[in-house]
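Here is a friendly walk through one protein model, with an eye on its charged side chains and on the places where distant parts of the chain meet. Have the structure open as you read.

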Amino acid sequence: MKKVEAIIKPFKLDDVREALSEVGIAGMTVSEVKGFGRQKGHTELYRGAEYMVDFLPKVKLEVVVADSEVERCIEAIMETAQTGKIGDGKIFITEIERVIRIRTGEENEDAV
């Protein structure tokens, strides 16, 4: 099993969720996060004073999938989250050793 973490622009969340649902991925965890990469930050004007916004709002999706579903998951995220502009985000794939559903005690793919 693999954990797919995607950092995307907040306004793309609904589109990505729908795309993942269409490829058979039902569950996910979503967090509101802040960060920056090459995009750095930007300046904003507030009450006549300019200030630097270093961390930009993003959304972090976490999905645990079977090895056979990883590529479909990545493609769905790439196709829907991409705007072609800086700050589209990143996808991280990591190995999952073990998953346990707390309520039933089911393990691994049965628990996902």
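## Val-30 and strand β2

Val-30 sits in strand β2, which covers residues 29–35. In this predicted model, Val-30 has a relative accessibility of 41% and so counts as partly exposed. Its C-alpha atom is separated by 6.8 Å from that of Val-59, a residue 29 positions away along the chain.

## The overall layout

Stepping back, the protein has 2 helices and 6 strands. Read from the N terminus on, these elements follow the order β-α-β-β-β-β-α-β. The protein has 112 residues, and buried residues account for 29% of them.

## Lys-58, a buried charge

Strand β5 spans residues 56–65, and Lys-58 is part of this strand. What is the nearest side chain of opposite charge to Lys-58? That side chain belongs to Asp-88, at 7.1 Å, and Lys-58 is buried with no salt bridge. A salt bridge would need a side-chain nitrogen of Lys or Arg within 4 Å of a carboxyl oxygen of Asp or Glu.

Lys-58 does have a polar neighbour, though: a polar atom of its side chain lies 2.7 Å from the backbone oxygen of Gly-87. Gly-87 belongs to the loop between α2 and β6. With a relative accessible area of 19%, Gly-87 is buried, the cut-off for that label being under 20%. Gly-87 can also be placed relative to Leu-56: the two are 31 residues apart in sequence, while their C-alpha atoms are 9.1 Å apart in space.

## Salt bridges across the chain

Side chains of opposite charge can pair when their charged atoms come close. How many salt bridges does a search of the whole structure find? The search finds 8.

One of them joins Glu-5 and Lys-60, whose closest N and O atoms are 3.1 Å apart. This pair links distant parts of the chain, with Glu-5 in strand β1 (residues 2–8) and Lys-60 in strand β5, 55 residues apart. Glu-5 counts as buried because its relative accessibility is 15%, whereas Lys-60, at 22%, counts as partly exposed. Glu-5 can be placed relative to strand β6 as well: Lys-90 lies in that strand, and the C-alpha atoms of Lys-90 and Glu-5 are 8.2 Å apart in space, although the residues are 85 apart in sequence. Lys-90 itself counts as exposed, at 53% relative accessibility.

Another salt bridge is formed by Lys-9 and Asp-88, with 3.7 Å between the closest N and O atoms. Here too the pair links distant parts of the chain: Lys-9 is in the loop between β1 and α1, Asp-88 is in the loop between α2 (70–81) and β6 (90–95), and their positions lie 79 residues apart in the numbering. Are these partners buried or exposed? Lys-9 counts as buried, at 13% relative accessibility, and Asp-88 counts as buried, at 16%.

## Arg-101, Glu-106 and a shared network

Glu-106 and Arg-101 form a salt bridge as well, and their closest N and O atoms are 2.8 Å apart. Glu-106 counts as partly exposed at 33% relative accessibility, and Arg-101 is partly exposed with a relative accessible area of 26%. Elsewhere, Lys-2, Asp-67 and Glu-95 are joined into one network by salt bridges that share partners.

## A negative patch on the surface

Which residues form the negative surface patch? They are Asp-14, Asp-15, Glu-18 and Glu-22. Asp-14 is located in helix α1, which covers residues 13–22. Its relative accessible area is 47%, so Asp-14 is partly exposed. That value fits the patch criterion, which asks for over 30% relative accessible area and no salt bridge.

## A backbone detail at Asn-108

Finally, take a look at Asn-108, found in the segment after β6. Its phi angle is near 55°, a positive value in a residue other than glycine. Asn-108 is partly exposed, with a relative accessible area of 30%.

Definitions and conventions: Residues are numbered from 1 along each chain as its sequence is written. This is a predicted model: local features need pLDDT of at least 70, side-chain atom pairs count only at pLDDT 80 or more; totals for chains, interfaces and linings use all residues. Side-chain values use heavy atoms; hydrogens and water are left out. Patches are made of residues with over 30% relative accessible area and no salt bridge: like charges are joined within 9 Å, nonpolar side chains (Val, Leu, Ile, Met, Phe, Trp, Tyr) within 5 Å. Accessible areas come from the Shrake-Rupley method with a 1.4 Å probe; for residues, only the protein chains shown count as cover. Lys and Arg count as positive and Asp and Glu as negative; His and the chain ends are not counted. The place of a charge is taken as NZ of Lys, CZ of Arg, CG of Asp or CD of Glu. Helices (H or I, at least four residues) and strands (E, at least two) are DSSP runs, numbered from the N terminus. Buried means under 20% relative accessible area, exposed over 50%, partly exposed in between (1.4 Å probe, protein chains only). A polar contact is a pair of N or O atoms within 3.5 Å; within protein, one must be able to donate a hydrogen and the other to accept it, and residues adjacent in sequence count only if both atoms are side-chain atoms.
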